[in-house]
Amino acid sequence: MTTELTADDVTQARSVNFRDKDLYRLLRTLFHDPFSTTAAIILIVLVIVAIAAPVLSPFDPTAQSLLRRLTPPAWVEGGSEANLLGTDLLGRDMLSRIIYGTRMSLMIGVVVVVIAGIIGTIIGMLAGYLGGRFDAIAMRFIDFQTAIPYFLLAMTIMAAIGPGARNLIIVLSLGSWVIFARLARGTMLSIRHAVYIEAARVTGGSEYWILVRHALPNLTSTIVTLATLELSRAILTEAGLSFLGLGVQPPNSAWGLMVAEGHDYISTANWLSTFPGLMVMITTLSINVFATWLRKATDPVQRGRM
Amino acid sequence: MLRLLLKRAVHSFFLITAVVSVVFLTTFVIGDPVRALLPAETPEEIVEKYREERGFNRPVLVQYIDYMSHAFVGDFGDSWWQRTPALPIALRPLPATFQLGILAMTLATSLGIPIGVYAGMKPGSWADRLATVTSLLGVSMPLIWLCPMLAFIFAVTLGLLPTAGYGSWQHMVLPTIALAALPLGRIVQITRASIIDELVKQYVTTARAKGLPYRRVLVQHVLRNALLPVITVSGWEFVLVVSGYTIIVEAVFGWPGVGWMLFSAIRIRDVPLLAATAFVIAVVVVAINFAIDILYIIVNPLIRYE
Amino acid sequence: MGPLLEVKNLQTQFVTKEGIVRAVNNISYELNTGETLGIVGESGCGKSVGALSLLRLIPSPPGKIVAGEILFDGIDLLKVHESEIERIRGNRIAMIFQDPMTSLNPMMPIGRQISESLELHLKMTKKAARAKAIELLEMVRIPSAADRIDDYPIQFSGGMRQRVMIAMALSCNPQILIADEPTTALDVTIQAQITDLVNRLREEIGMAVIWITHDLGVVAGLTDRVIVMYAGRIVEEAPVEELYENPRHPYTIGLLGSVPRLDEERPEKLTSIEGMPPDMIDYPSGCPFYARCTFRIDRCLESPPDLREVGPGHKAACIVDVTSSTLPTSGIS
Amino acid sequence: MEARRNGNDTDEVLLRVNNLKVYFPINRGTIFPRHVGDIKAVDGVSFEVKRGETLGLVGESGCGKSTTGRAIVLLEKPTAGKVEFQGVEMTSLEGESLRKTRRRIQMIFQDPYASLNPRLRVRDIVGDPLKVHKIASDKTLTNQVRELLNIVGLNPNFVTRYPHEFSGGQRQRIGIARALALRPDFIIFDEPVSALDVSIQAQIINLLENLQAEFRLTYLFIAHDLAVVRHISDRVAVMYLGKLAELTDRERLYKTPLHPYTQALLSAVPIPNPIAERERFKNRVILEGDVPSPDNPPKGCNFCTRCPAKTRVMDKKQIDCSQVEPEFKQAEPGHWVACHLYD
């Protein structure tokens, strides 16, 4: 655009007049937008629920009671105050199961993102920084794995190595690290030739110093944003696999598993799958809203885009 | 250009090989096919005998080469379930999946592109808000929840459509909607971003300075350029639809497609059928990628110079 | 006969999160038939925004022309219907831009980009427009034009692309060509090619040119009259020789002193203008140049000074009577 | 000849560049690359810089002037040739000894927006070199940075600010402060003012001149603006397509340029004087066409495809410029040129 005055120029001209305090500014933009505020609050609550699950859940999530089976939620006719969200086929308390499900889903998601994030970032950074043959081979591998129908393979692998939380984490990490690697490499490549990196080199900074002092801080915000998005994807995939019986196994509770258990009763006891499904939805939606804000807030170039 | 397609063909070949190899690795190396085949209480000597007969006691590499050489002429062995060659069985549900997949993608693109274009043109308008909500919901939507909810609302509560099954057009409505939801979100998002990117480019001002009406600038200049990334993303989404989303959607709605076939093969532990189905899906994925490449070359004249 | 184009009190603003950017503040000028007018200023002074405003090409939102009149051939371009101004754009008033790399649609053959406006304005058939496009490419000296008409912009160098832009702009024999820094992105030998080309074609077609640039050298050779802009305002306007010989605004004087020159003995020091242009949001209420001015007096803070006649055809927006010889030696380093 | 402004009385050669070549290989294939050609960005450049002087290096975009500067500080690896700084061969240095020598040579970059790390405060940007070379302790660091800011004409209280809070000119001053932190002998400027507005440009140029006098600095000033180079340089080298076309002291280069390219270049520069400029406009030497691509430079003299004097060479000297490459040699004492006209 020929327009000489872009918004950035303006900010730049103006910002000479004030001192920013980074965190303060970041939080201010967060609370400026009601959606991201809500999302952040929901996420905080979810984390608290996950951590304090044993304290918060009114019942043992595995305690069966055939007498109380298929009790509807409290506000529906026939519901009871004791089981706020009703009970399932085996008379287990839905609320407690959902609380433990939160714990399971978040735990799996976070562990996957941490493992995949660390491995992927290291490989990607090295590929981007070293370049040459290491980069070429790593890149081919990454390209390749991205092109493979991942959900299909996740299913076969889970079927082969057996379901369960630990295996789920392995399989999901295998699917996720490439995305971190690709992003880290891309960012690294663009940073590697940044003029300020060259300036640091000219002033005599060692390669290690340049990597840690100059490259890494410019990498963190994009990686953190990606991590939130990958967290949402991991939770969705986990729920899908658990739904198909290839993920978390009973008697553990997981949202996907609960939806599957309630699936046949959709016409008679819809609360069985409604609530756990809603939890997945709320969680991933909050994460995505938060990630959108985070991306906008940390990357001025993204302003005005999604 | 020919080079590009040739490169792509080689890449595709490796991709299919990789998928079949992973299936082989997971079912024959990590899992024990004989145990899966025979009843659990079979005596050890019979298992051993069986192992020998079928050649499962040979070195893994020999088995692998043997297996792959058969696989490449489309021989995955007989399905353990139906006792006939597995590949024809795996191919049979393909039309059903294509029916759904193509319908869903048509729905997603024909809705998503206009919404995205309009939102990109008028940031902040109602269309933009709709686009934001659609794309956020799209990327956060758990299919395991959406499918039962659609069934609950339209089939159980309103009684308008069948809950599950195959045959009439009524059966297609809900699975198509479910399958279109996620691609819709992604397509809206990318179209919007792409239009916004394109509209601020200098050539748009040039075209307007020539006296072209805004609508004509949009149609003849902007739209075509902006749709390039949309084609790529739609292709990826189509791949995800037939290799991922469809597995859950078909499982929920009892739609006899490849996803359902894959899920069934895993559930009944029919290894040849599983491998054949995975092979079919991989071939379809490759074919879609190929089609997208060719479409991209047709639409983008500049690819010759890159 | 009245002027070909008359701009009166034009004001263009941009609404941003930080506040309203007052990009163009009340500018008025005239352009006569066949005349070449230079508009000089530094980045952010509003010279490009002002030019885009003429054809209502300001992206809106965030931009908005809030006041003013632009009279072209008796009609006010700011009041007419969009379809009316579309008939003028590219037809009677054409425009070329700074960056030849991005100004052309990368996905469309250059011939098509030229013939598009021929079909639109001159109602030519596709075939006739194509033939004319080849003719135009030959006119701007693109070698083997007939073979290159279906090439894409990526196949041309920067200088060649700017030639294509010029061919496109001149396709309908416009009465006015607005050239917005057309040589800034080019090397000096290519710049010489382009300025030479425009100058020759200008004489052939007999059009008026508004040449916008930050380069005082380019303006000196090409134009008849010069307008100097600072912070969205016109601070000085004069015939070209007069402006360079006898600048009457402190900013113009400073600007001329800031340029290292090839044609004069090398001065010991350049006379730079200290400080920075004002914030376009917290726009100063008095003279916008006050903070950087070496002639400033208290009265400058009262209101922004209007342009006043300081000589024949020479206007300056300064309440103090300054010339380059009254330049105080102290205060300017 | 005008007396050198910076009291260059020693004639000590600080930097000697000898037959420097920087080729960028063009490779096809990623895992098993095949070498299919070279972009000859710098193709055999030799010059000296004496202590205390400013050598200007001018040329159009893509002529290799920036690459030359970058190769001197080893930001690009020279394909061949020598870069000798104070008698030390730079290209053989590695690791610690390279870092030590780099202290003596600093570089200022063109883009004041890209050259400062957006995530660091001014204190860290300017103070980092001091920390890296363990010149300042944490305690004295801030004070030293404040002093450096003062030297380059910035408010010392800006130490806690981030780069985005500054204008282009101010950022360039920060970059200069960073380079000065290590008290270098030699600074390479890569288009330091071309991104700046005229009025700001003059501020920076004046600052550079003051600093040179104050700290007895030696400059290599790379730019495309011939007027700016004339203003600041003692001697000027003109580059075209990876090679030097002409090198001499300022007055001679601008008054009596020998190389046809230099002549055309100087004639193309518009000057801010309407009467003179109109005359120049009429008599301007307009070069045909574009600069050829450096991955396939013309045979013989690299300027032969655009040279207005080509036929003159043929008539006078019977040399075909498109076949025979001219040597870069002295046409008269202290005036080097690569053209057959002066053979």
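## Basis of the report

Buried area is the accessible area (1.4 Å probe) that two parts lose on being put together, summed over both. The size of an interface is often given in this way, as the accessible area lost when the parts come together. By that reckoning chain B and chain C bury about 2,200 Å² between them, 60% of it on carbon and sulfur atoms.

This is a predicted model: local features need pLDDT of at least 70, side-chain atom pairs count only at pLDDT 80 or more, and totals for chains, interfaces and linings use all residues. Residues are numbered from 1 along each chain as its sequence is written, chains are lettered from A and ligands numbered from 1 in the order in which they are written, and side-chain values use heavy atoms, with hydrogens and water left out.

## Chain B on its own

Chain B has 13 helices and 0 strands. Helices (H or I, at least four residues) and strands (E, at least two) are DSSP runs, numbered from the N terminus. The C-alpha atoms of chain B fill a box of roughly 85 × 55 × 30 Å along the principal axes. Of the 306 residues in chain B, 56% are buried. Buried means under 20% relative accessible area, exposed over 50%, and partly exposed in between (1.4 Å probe, protein chains only).

Contact means heavy atoms within 4.5 Å. Among the contacts in chain B with a separation of 6 or more, 72% join residues 24 or more positions apart. One long-range link is a salt bridge between B:Asp128 and B:Arg192, with the closest N and O atoms 2.5 Å apart. B:Asp128 lies in helix H7 (residues 126–140) and B:Arg192 in helix H9 (residues 169–199) of chain B, so the pair ties together parts that are 64 residues apart in sequence. B:Asp128 is buried at 7% relative accessible area. B:Arg192 is buried too, at 5%. A salt bridge here is a side-chain nitrogen of Lys or Arg within 4 Å of a carboxyl oxygen of Asp or Glu.

## Where B meets C

On this interface, 22 residues of chain B are in contact with 27 residues of chain C. B:Arg208, B:Ala209 and B:Lys210 lose the most area on the chain B side, together 27% of what that side buries. The rule finds 2 salt bridges across the interface. One of them joins B:Arg208 and C:Glu82 (3.9 Å, N to O).

There are also 9 residue pairs in polar contact (both at pLDDT 80 or more) between chain B and chain C. A polar contact is a pair of N or O atoms within 3.5 Å; within protein, one must be able to donate a hydrogen and the other to accept it, and residues adjacent in sequence count only if both atoms are side-chain atoms. Helix H10 (202–209) and helix H11 (214–253) of chain B each give two or more residues to this side. H11(B) gives the most, with 7 residues.

## Where D meets C

Of the 5 pairs of chains that touch, C and D have the most contacts. Here 45 residues of chain D are in contact with 49 residues of chain C. The area buried is about 4,000 Å², of which carbon and sulfur atoms give 58%. Chain B and chain D share no contact, and their closest C-alpha atoms lie 11 Å apart.

The rule finds 2 salt bridges between chain D and chain C. D:Arg278 pairs with C:Glu241, the closest N and O atoms being 3.0 Å apart. D:Glu209 pairs with C:Lys269 (3.4 Å, N to O). D:Glu209 lies in helix H6 of chain D and C:Lys269 in the loop between helix H10 (250–258) and strand S11 (308–311) of chain C, so this pair joins two chains. D:Glu209 is buried at 6%, whereas C:Lys269 is partly exposed at 34%.

## Two sites in chain A

A:Arg92 sits in the loop between helix H4 (53–56) and helix H5 (94–130) of chain A. A:Arg92 counts as buried, at 5% relative accessibility. A network of salt bridges links A:Asp88, A:Arg92, A:Arg97 and A:Glu261. Beyond four places in sequence, A:Arg92 touches residues including A:Pro61, A:Gly86 and A:Pro251.

Helix H6 (residues 132–147) of chain A has buried residues, among them A:Met139, A:Ile142 and A:Phe144. The buried residues of H6(A) pack against H5 and helix H8 (165–192) of chain A, together with helix H1 (2–30) of chain B.
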